[in-house]
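Good morning, colleagues. I shall speak briefly about the nonpolar cores of this protein chain and about two loop residues. Please look at the structure first.

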Amino acid sequence: MPYKKLTVLTIMLAIAIFISACSAKQSTPPAPQAPKVEQPQQDDQSSNDIEKQSDQTVEQTLEQKKETEKQETEKIDYEKVKPNEMGEVMVVMYHYFGEKEQEFTRTFENFRKDLDNLYHKGYRLISIDDFVNNNIDVPAGMTPIVFTFDDGPASEFNLIEQDDKLVVDPQSAVGIMMDFQKEHPDFGLEGTFYINETAFAGSKGTEKERLQFLLDLGLDIGNHTFGHTNLAKSDAATIQKVIGSHVKKMREYFPDYKQNTLALPFGAYSNTTFDYIVKGQYEGTEYKNDSILLVGWKPSPPPAHNSFNPQKMLRVRAGEGKEHDMYYYLEFFDKNPNMRYISDGDPETICIPEKNKDQLDADKAAGKKIITY
């Protein structure tokens with residue numbers, strides 16, 4: 001075979017083999033690859049939410065830590081504070097105020113002195129409702145005290161006109177208390193006013209306006225009967241009339257106000273008709289007195305004490321220089337601190353010395369943690 005033809009044939013054969021090899025390579029399936037896992041994408045809002053949740057978690061943890069530290073800090077030294085929540089509490093009875101001191105009248109200046117002395121001796125005001133319901137919330141080492149005001153004269157609470165508005169007369173018991181509370185906010189502004197058929201006669205404003213002022217200040221209104229009636233000398237029908245009339249008028253003024261406390265005029269009652277003082281009805285108006293106050297002569301045991309009776313509650317007469325008045329007991333408690341109610345600062349506990357635990361009525365202390373030391 002001539003050389004040229006051989007050469008051409010060789011070249012053509014080589015080309016054919018090359019094309020065949022390329023075709024075989026292209027027809028071979030590609031090697032399997034690991035599947036690709038798609039990562040979830042987060043937009044800016046989702047990222048911010050996660051960061052926010054993280055911040056909140058950190059804040060909650062810090063708050064919990066602070067609360068724990070606070071509780072640790074607030075733990076009191078029982079031997080130093082000597083809490084005794086079986087000690088006695090003064091429910092103080094005021095009547096009239098004026099320029100001359102008399103049996104049932106306290107001068108305005110002496111009332112200012114009362115507030116200052118009580119404050120610096122560690123007494124703090126609470127409402128009679130909180131006292132009866134054992135919701136005593138005063139700082140550790142302090143003693144609760146309750147103010148009551150009988151008869152409802154304008155010297156206790158008086159409205160005057162100032163710049164065409166009704167304002168509380170600063171020369172009245174409530175006005176003096178308001179001024180004192182501004183300087184000593186931790187003393188409190190509490191009190192119950194036991195009124196007769198007319199509240200604060202001689203004051204500006206309508207009777208409803210006067211009573212609304214009191215309620216807006218956080219003060220309370222109690223029942224002292226229509227006519228300041230001697231209930232010991234009254235029959236069942238009269239008792240229900242003079243108590244029920246008072247409640248009926250109050251409900252006409254303030255339908256949602258719960259009036260459930262009464263101060264006995266003259267401290268008088270009869271055992272035969274006492275049930276009608278506790279509850280009854282008049283002209284379709286029903287009433288029930290959860291607390292009934294006697295006249296002043298002695299401090300009251302606390303609400304969890306086994307001798308506490310809210311329907312015959314003891315009071316102390318305001319004043320000084322006579323046996324069994326407020327200053328008599330201030331001096332008595334100074335000399336006998338073990339007889340005085342001393343708070344542990346926690347309204348959810350009842351803290352008493354071990355030696356006094358037999359004074360506790362477990363049923364009256366329901367829901368409270370008992371601590372003895």
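I begin with glutamate 283, which counts as exposed at 52% relative accessibility; exposed means over 50% relative accessible area, buried under 20%, and partly exposed in between, with a 1.4 Å probe and protein chains only. Please note that this is a predicted model, in which local features need pLDDT of at least 70 and side-chain atom pairs count only at pLDDT 80 or more, while totals for chains, interfaces and linings use all residues. Residues are numbered from 1 along each chain as its sequence is written, and side-chain values use heavy atoms, without hydrogens and water.

Glutamate 283 sits in the loop between strand E11 (279-282) and strand E12 (285-288); helices (H or I, at least four residues) and strands (E, at least two) are DSSP runs, numbered from the N terminus. Its phi is near 50°, a positive value in a residue other than glycine. Phenylalanine 266 also has a positive phi, near 65°. That residue lies in the loop between strand E10 (261-263) and helix H9 (274-278), and is exposed, with a relative accessible area of 54%.

I turn now to the interior. The largest nonpolar core, a set of buried Ala, Val, Leu, Ile, Met, Phe, Trp, Tyr and Cys residues joined through side-chain atoms within 4.5 Å, has 42 residues. Met90, Tyr94, Phe111, Phe147, Phe149 and Met326 touch the most other members. Among the elements that each supply at least two residues are strand E5 (143-151) and helix H4 (108-120). A separate core of 16 residues includes Ile128 and Tyr341.
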